[in-house]
Each structure stands twice: as structure tokens, then as C-alpha cells.
Amino acid sequence: MYPMLVLLGLAALLGASQGRTDCYGSVNRIKTPGASCKTAKPERLTYCGVKASQKIAEVDLKAMDRYKPLIKKVGEKLCVEPALIAGIISRESHAGKILKGGWGDNGNGFGLMQVDKRSHKPVGTWNSEAHLMQGTNILISMIKTIQKKFPSWTKDQQLKGGISAYNAGPRNVQSYDRMDVGTTHDDYSNDVVARAQYYKKHGY
């Protein structure tokens, strides 16, 4: 009887943790000004900010939906919001639309999440679960570095810092308000968070 109760307790514990995607904070709790005009202009938008981020995310939605089951699977495995993974994929590769043979960034960035071959050995095919696991694990390592660097920040602030570091490295993150200075177009985490908030509303 007793071992059965232990098993039932374990099952309950496993059930409670399965499907969790909020181990590192939540994009919906982060305030963001969204995309800079430097990011919006090449997308042929005449406006900037959150509205621009949402529009770009919307344009990528159809292509993104192809990978939705995979993104959700990886998010649940690694306890990271699938919407955030989608936000990074939109920013990095427009859900794969701008890649040539799976490569971008002049042949340095690999796959949907643009893993840099100069810093990491790319794993899997460009649109595979293995690739998304690698990209998301890189993101997690950045979040954990920021957690150690800024222990007094809230979980959500550390999450945003990790997103910024995914683009420009943890050394570039010096303060909360200016963390995106030095990232591509000086808006990386602000734009990704706004795109992720859009994907959250669309079932990611």
C-alpha cells in the first residue's frame, strides 16, 4: 500500500510540473516600448514601437504556425514560454523566410533561432527540434548568467536581460533601462518581448 502512495505522490508532482513554461518569468509582465524605427523601417513600416513589433509578428504568423507544435514542445520541455521562442524566431529569421539553405547573417547564423557558428557548433537541421532545443538552451544560459550578474532584479527583469544577452552577450547588459544599447538596432529585447506578447495572444 505504502509504495503505491509514494508512486501516486510522484505522479501528482510530475503532473504539476509538466507543461510549465514560466520557470524564467513571463513576457506579459514586462513593459516594453517595442521596436525602434531602425527595425521598423526595413520592414516598410511608417511607424515604430509596440505596434510595429506586433505588425512584424503578424506578418510572420503564417510561417510561424508551421513550427507551432515544435515550439510548444520545446517550450514545455525546457520550461520557457513558447511565445518567447516564437518572438526570437520572428526577430532572427522571420520564421525562416529570410534564410538561404537554413543560413542567415552572411552565413554565420544557423536556423530559425540563428545560432552563431562562431560561438556554438550548430546542432540538427535548421528547422528541427534539436536546433530549437539548442537555441533555447543558449537563451537559458544567458538568463542564468544575468540572474547571477543582477541578483536583485526581479525574475522578469532577469528574463529581459537574458533576451538582450542572447543577441549581444551578457557583458553588454550593464543596466536595466539601457540593456539594449549595443544590441542590433538598439532594441533587441524590447522588440522580441513585444513580438512574444503578440504570439502569446495567438496560442503560443
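Contact here means heavy atoms within 4.5 Å. The model is predicted.

**Exercise 1. Place Q197 and list its contacts.**

Task: Find which helix holds Q197, decide whether Q197 is buried or exposed, and name the residues that Q197 touches.

Solution.
- Step 1. Start with the helix. Q197 lies in α8, residues 188-201.
- Step 2. Turn to accessibility. The relative accessibility of Q197 is 14%. Buried means under 20%. Q197 therefore counts as buried.
- Step 3. Leave out residues up to four places away in sequence. Q197 then touches V27, N28, I30 and T32.

**Exercise 2. Compare two loop residues.**

Task: For R44 and E43, give the loop of each and decide whether each is buried, partly exposed or exposed.

Solution.
- Step 1. Find R44. R44 sits in the loop between α2 (37-40) and α3 (49-65).
- Step 2. Classify R44. Its relative accessible area is 78%. Exposed means over 50%, so R44 is exposed.
- Step 3. Find E43. The loop between α2 and α3 holds E43.
- Step 4. Classify E43. The value for E43 is 31% relative accessibility. That value makes E43 partly exposed, because this class lies between 20% and 50%.
- Step 5. Look for contacts of E43. Residues up to four places away in sequence are not counted. E43 touches I56 and H94.
- Step 6. Set sequence against space. R44 and H202 are 158 residues apart in sequence, and their C-alpha atoms are 24 Å apart. E43 and G96 are 53 residues apart along the chain, with 16 Å between their C-alpha atoms.

**Exercise 3. Examine two positive phi values.**

Task: Describe the phi, the place and the burial of H94 and of A95.

Solution.
- Step 1. Recall the background. Most residues other than glycine have a negative phi.
- Step 2. Read H94. Its phi is positive, about 50°, although H94 is not a glycine.
- Step 3. Read A95. Phi of A95 is near 60°, also positive in a residue other than glycine.
- Step 4. Place them. H94 is in the loop between α5 and β1. A95 is in the loop between α5 and β1.
- Step 5. Check burial against the cut-off of under 20%. H94 has a relative accessible area of 13%, so H94 is buried. A95 has 2% relative accessibility and counts as buried.

**Exercise 4. Classify three helix pairs.**

Task: Use the angles to classify the packing of α4 with α6, α3 with α5 and α5 with α8.

Solution.
- Step 1. Know what to look for. Two packed helices are described by the angle between their axes and the distance between the axes.
- Step 2. Take α4 (residues 68-78) and α6 (residues 129-149). Their angle is about 45°, and their axes are 10 Å apart. That makes α4 oblique to α6. The crossing of α4 past α6 is right-handed.
- Step 3. List the residues of this contact. α4 brings L70, I71, K73, V74, K77 and L78 to meet E129, L132, M133, T136, N137 and I140 in α6. Seven of the contact residues are nonpolar, two polar and three charged.
- Step 4. Take α3 and α5 (residues 82-93). They pack at about 105°, with axes 10 Å apart. The range 65 to 115 counts as roughly perpendicular, so α3 is roughly perpendicular to α5. I56, A57, D60 and M64 of α3 make the contact with A86, I89 and S90 of α5. By class, five are nonpolar, one is polar and one is charged.
- Step 5. Take α5 and α8. The angle is about 125°, with the axes 7 Å apart. The two helices are therefore oblique to each other. Their crossing is right-handed.
- Step 6. List the residues here too. A83, L84, A86, G87, I88, S90, R91 and E92 in α5 meet Y188, D191, V192, R195, A196, Y199 and K200 in α8. This contact has eight nonpolar, two polar and five charged residues.

**Exercise 5. Draw the sheet.**

Task: Give the order of the strands and say which strands stand at the edges.

Solution.
- Step 1. Write the order. Three strands form an open sheet, β1-β2-β3, with antiparallel pairing.
- Step 2. Mark the edges. β1 (103-104) and β3 (115-116) each have a single partner strand, so one side of each lacks a neighbour in the sheet.
- Step 3. Add the bridges. Two of them join β2 (residues 109-110) to β3. F110 has V115 in β3 as its bridge partner.

Technical notes
Residues numbered from 1 in each chain as written. Predicted model: local features only at pLDDT ≥ 70, side-chain atom pairs only at ≥ 80, totals over all residues. Heavy atoms only, no water. Axes fitted to C-alpha atoms, helices over the stretch in contact; angles between N-to-C directions. Helix = DSSP H or I, 4+ residues; strand = E, 2+ residues; numbered from the N terminus. Parallel < 35°, antiparallel > 145°, perpendicular 65-115°, else oblique. Left-handed = near helix turned anticlockwise from the far one by under 90°. Nonpolar A, V, L, I, M, F, W, Y, C, P; charged D, E, K, R; others polar. Pairing = 2+ DSSP bridges. Buried < 20%, exposed > 50% of the residue type's maximum accessible area, 1.4 Å probe, protein only.
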